[in-house]
Amino acid sequence: MDVPYDLTSYIRVLKMATTPTTEEFLQVSKIAGAGILLVGLMGFLIGAIMLLLPGGGV
């Protein structure tokens, strides 16, 4: 592991990075929020099915 080379490559990436526009940020937030809701809904449905099955709630 070449530490000086790694640091210079990290600095180069940070210099190239830009902050997102408001539109980009809102789009990413909506997609992430939809993913979180989808995973939560799937977990809820699996939990509900487990409770309805005989012996699933034990």
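In which helix is Met50 found? Met50 belongs to helix 2, which covers residues 22-52. The model described here is predicted. Its protein chain has 2 helices and 0 strands, and buried residues account for 3% of the chain's 58 residues.

**Overall surface**
- The protein chain exposes about 5,500 Å².
- Carbon and sulfur atoms supply 76% of that exposed area.

**Helix 1 and Ser9**
- Helix 1 spans residues 3-16, and Ser9 is placed in this helix.
- Ser9 has a relative accessibility of 14%, so Ser9 counts as buried, given that buried means under 20% relative accessible area.
- A polar atom of the Ser9 side chain lies 2.8 Å from the backbone oxygen of Asp6.
- This pair is a polar contact because its distance falls within the 3.5 Å cut-off for N or O atoms.

**Helix 2 and the nonpolar patch**
- Ile46, Ile49, Met50 and Leu53 make a nonpolar patch on the surface.
- The area of this patch is about 380 Å².
- Met50, one of the patch residues, has a relative accessible area of 42%.
- Met50 is therefore partly exposed, as its value lies between the 20% limit for buried and the 50% limit for exposed.
- Met50 can join a patch because patch residues need over 30% relative accessible area, and Met50 has 42%.

Notes: Residues numbered from 1 in each chain as written. Predicted model: local features only at pLDDT ≥ 70, side-chain atom pairs only at ≥ 80, totals over all residues. Heavy atoms only, no water. Helix = DSSP H or I, 4+ residues; strand = E, 2+ residues; numbered from the N terminus. Buried < 20%, exposed > 50% of the residue type's maximum accessible area, 1.4 Å probe, protein only. Areas by Shrake-Rupley, 256 points an atom, 1.4 Å probe, with all protein chains shown as cover. Patch = residues over 30% accessible without salt bridge, like charges linked within 9 Å, V, L, I, M, F, W, Y side chains within 5 Å. Salt bridge = Lys/Arg side-chain N within 4 Å of Asp/Glu carboxyl O. Polar contact = N/O pair within 3.5 Å; in protein donor to acceptor, adjacent residues only side chain to side chain.
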